[in-house]
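Subject: Structure for you to look at

Hello,

I am passing on a structure that you have not worked with before. Please open it alongside this message.

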Amino acid sequence: MTAPEPAAAPDTGPVHGTWEPAPAAHWEDAFLSGNGTHGAMVFGDPNDDRVIVNHHSLVRPNGDEDSRPPALAGQLSAVQDRLLAGDVAAGEDFTDGRPLLWVRPFHPAFQVRLRRPAAKRGSYRREVDFTTGVTCARHGGWRSEVFVSRADDVVVQYVTESDLAVDVTLDHRLPGLPSDVMVGHSWVLTPEGALLTLRARYPGSDLAYTGVTLAVVTGGRTRTALPGLRVEGARSLLLLTRVRRHTGELDVLAEARELRALLAGGGGGGSGGGGMGVGVDEDAGAGCGEDADAADTCTGAGAGGAGPETAPHPSAKPATASTRTPTTASTPVTAAASTPAQNAYAHLLARHTPLHRSAYLRAGFDLAAPAAERALPGSELLRRPGSPALLERLLAAGRYHLLSASGTLPPRLTGLWTGDWDTAWSGAFTTDANLNLQTASAAAGALPEVTEAHAALVRGQLPDWRDNARAIFGARGVVAPAHTDGESGHIHHLSREYPLHVWTAGADWLLKPLVDHDETRGARDPRLADALAEVAYFYEDFLTRTDEHGRLVVVPSYSPENRPANAGWVTLNAAMDLSAARHALRTAADYHPGPDAERWRALADRLPPHRVNSEGALAEWAWPGLEDTYDHRHLSHLYGVWPLDEINPYDTPELAEAAHRALELRGAENDSAHGHLHHALVAARLRDADRVTAALGKVLAGDFFHVSLMSGHYPNRHVYNADAAHTLPAVLIEALVQSTPGRLVLFPALPAAYPTGRLHGIRTRFGAEVDLTWSPRERTAVIRPARTLRVDLRTSAGARPLSLRAGEDCVLSLGPQ
């Protein structure tokens with residue numbers, strides 16, 4: 001049912017959340033919460049309330065556990081000889097013949113399922129508050145709130161009703177579940193209520209994972225009811241859930257003690273159940289497929305009714321024009337006197353909220369959308385692709401989801417969430433485009449949490465990267481994989497069509513965000529310095545072949561995931577490889593002054609320049625005679641434009657013009673979201689606002705977004721994927737603010753569709769914070785530098801030096817657009 005459009009609404013700024021007047025019918029529409037380790041997908045159906053629990057570590061064995069990079073170093077010289085001699089098919093022999101093996105697939109843990117008697121139809125609303133990470137659903141007197149704590153690493157669900165009757169289970173039956181996963185359940189009544197556990201063991205492996213849920217029941221009666229428990233006549237139910245991946249057996253009692261200890265800060269346990277009943281249900285042949293879903297037939301279809309308001313939590317920040325949140329981001333008040341469960345919930349929320357809220361609110365966007373449109377549910381906004389309110393909400397949701405997916409690791413292809421065991425592309429980290437695009441707003445958008453998660457992935461895999469360099473190239477240093485499950489960094493995902501083992505640019509691209517972060521904060525991480533040196537060592541050993549002019553040749557070379565029109569996949573001098581090698585060597589030199597720096601800079605200077613083809617475009621392969629293939633989703637050859645600063649309109653205008661021509665000629669191939677937004681990022685660097693607008697328009701109008709505001713990889717919400725959701729904030733930032741350690745570019749590519757707005761809290765790579773406001777009549781920038789320095793300021797009026805003094809705000813009036 002479509003909610004009626006409000007006749008009038010106060011203009012109080014962007015809404016930091018979203019809402020729907022109906023439960024989620026599919027897991028893709030579930031609202032999301034996460035702390036970067038645990039994730040929760042919340043359906044919010046009062047009759048069959050489900051929370052799918054995810055954990056970043058959950059990847060199931062698939063036979064790749066002992067896979068190593070192909071041992072090809074002994075064949076390298078012969079392949080180089082043949083490629084240099086003009087044998088365009090020589091690279092097809094550069095393999096050990098293994099079949100394509102995907103990395104271990106990411107999968108959900110289980111769903112916490114709460115079934116209750118069918119309720120009468122009535123007012124219904126579910127929403128998620130981006131400032132707290134709390135999802136809330138209510139239907140009549142029933143209310144459910146869920147969040148994932150950053151402070152205590154626990155999934156928290158609190159359900160209240162005057163006469164709560166509900167069956168509680170941990171249900172492993174999710175789509176795609178392999179039939180040979182061994183699943184066991186247990187349950188025991190406790191003084192608080194009950195303890196439920198679910199243990200799943202992978203076939204042929206000593207790996208397992210266990211979910212433990214502590215149920216705290218207030219009032220009523222609690223009893224076991226296979227395969228879980230039944231609560232009747234209660235006033236509230238608090239559920240605390242954790243997942244552990246482990247070998248052998250998990251000490252469930254120790255886990256229970258840890259969960260019980262979380263109650264202490266809130267005033268102790270509840271007043272539920274009595275006796276001690278224990279049950280065990282070992283399911284050797286777990287069923288595949290999902291139970292019948294009553295979400296479409298047994299829900300209240302209210303037209304967005306808000307229901308009774310509740311008292312705000314004491315830690316909640318008052319709503320302002322820049323931090324307006326949904327109407328129910330609060331702690332439920334269900335009785336005049338608070339209960340131990342309610343106190344525990346309030347305590348856990350109070351510990352979590354400052355950590356999440358402060359990160360989310362460091363930066364933000366305001367596109368001056370009409371107040372009436374800001375008040376609409378997300379599903380209605382998605383039908384209005386030209387609405388500034390839609391982009392505002394998607395920008396806020398993208399920032400929220402990116403933060404929520406980043407912690408132990410950065411976001412996967414699906415962020416931190418999936419409801420299906422058969423996740424597309426294994427739900428992996430794809431590092432030849434997707435991961436880098438998703439995290440592109442981290443440094444400028446003031447999300448060091450995302451950068452630290454990214455750094456954790458890199459640091460955890462450096463030993464495997466060393467193995468890759470030795471096995472494939474016989475070299476020192478490191479080579480990064482294009483696909484990883486988050487654990488192994490070994491290269492073993494390769495085939496004739498995707499020879500990802502010869503892609504040498506990955507380490508530079510993965511380290512570039514960490515360099516940006518160092519520049520933003522004004523300090524150099526010694527761990528990053530060590531990693532950069534290892535990349536330089538690799539290039540010292542690898543770059544040994546030269547062309548007829550004495551310039552170095554990158555051979556073998558590969559441009560993800562494309563090939564020349566007249567040659568094989570493995571080739572020479574891909575533009576991305578040239579840019580990455582130059583950047584890696586020079587960046588390592590910056591971090592290591594002295595003899596090493598001199599040697600690395602000299603090596604970088606011997607690399608050949610980029611080639612401009614007969615059509616005036618920057619060629620994807622700089623080797624003469626290799627013809628471009630234009631209709632492709634990747635824009636790897638424009639790596640020098642974005643994210644690097646190698647090619648730009650200020651220092652290299654002729655190359656920038658050639659890059660722009662290459663962008664004009666590039667097709668969209670299969671209309672993947674990451675292709676469109678990568679196009680927009682490059683266009684912003686090249687100051688092409690029309691191309692930014694067009695690329696954004698294709699994503700906004702292409703039906704890429706679920707009502708959860710998580711995205712699909714393709715139009716029509718095909719293949720659940722976080723690329724569009726997480727990358728959108730970076731596109732708007734790049735269209736408005738760009739920086740290097742010595743340059744500030746303001747309003748380079750502002751889309752005409754958004755003539756009025758505000759962007760605040762943006763960090764620059766020279767250590768300043770920038771706020772922008774703009775309208776058709778005036779553009780203003782407020783720069784808050786943390787360092788004293790002079791930068792090159794670039795605006796539509798031209799270039800001029802700008803002197804900044806630490807601690808002194810600099811206000812620039814830039815005139816009309």
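Below are notes on the chain as a whole, followed by three residues looked at one by one.

The model is predicted. Its pLDDT averages 90 over the chain, and 90% of the residues score at least 70. Two stretches need care. Residues 1-9 stay under 50 in pLDDT, and the model gives them 17 contacts beyond four places in sequence. Residues 267-323 are also below 50, with 151 contacts in the model beyond near neighbours in sequence. Where pLDDT is low, the predicted coordinates should not be read in detail.

As for the fold, the chain has 16 helices and 28 strands. Of its 817 residues, 63% are buried. Among contacts with a separation of 6 or more, 70% join residues 24 or more positions apart. The exposed surface of the chain comes to about 27100 Å², and carbon and sulfur atoms supply 52% of that area.

Now the single residues.

Glutamate 20 sits in strand β1, which covers residues 17-20. What is the nearest side chain of opposite charge to glutamate 20? It is arginine 126, 5.5 Å away; glutamate 20 is buried and has no salt bridge. A salt bridge requires the charged atoms to be within 4 Å, so the distance to arginine 126 does not qualify. The side chain of glutamate 20 does reach the backbone nitrogen of glycine 378, at 3.2 Å. Beyond four places in sequence, the contacts of glutamate 20 include Phe31, Tyr124, Arg126, Pro377 and Val707.

Threonine 571 belongs to the loop that runs between α10 (526-542) and α11 (575-591). Is threonine 571 buried or exposed? With a relative accessible area of 2%, threonine 571 is buried, because the cut-off for that class is under 20%. Its contacts outside the four nearest places in sequence include Leu83, Val554, Pro564, Trp621 and Leu626.

Alanine 469 is part of helix α8, residues 448-473. Its relative accessibility is 0%, so alanine 469 counts as buried. Residues up to four places away aside, alanine 469 touches Gly474, Ala475, Arg476, Gly477, Val478, Val479 and Phe538. How far apart in space are alanine 469 and proline 69? Their C-alpha atoms are 9.0 Å apart, while 400 residues separate them in sequence.

Regards

Conventions
Residues numbered from 1 in each chain as written. Predicted model: local features only at pLDDT ≥ 70, side-chain atom pairs only at ≥ 80, totals over all residues. Heavy atoms only, no water. Helix = DSSP H or I, 4+ residues; strand = E, 2+ residues; numbered from the N terminus. Buried < 20%, exposed > 50% of the residue type's maximum accessible area, 1.4 Å probe, protein only. Lys, Arg positive; Asp, Glu negative; His and termini not counted. Polar contact = N/O pair within 3.5 Å; in protein donor to acceptor, adjacent residues only side chain to side chain. Contact = heavy atoms within 4.5 Å. Areas by Shrake-Rupley, 256 points an atom, 1.4 Å probe, with all protein chains shown as cover. pLDDT = per-residue confidence, 0-100.
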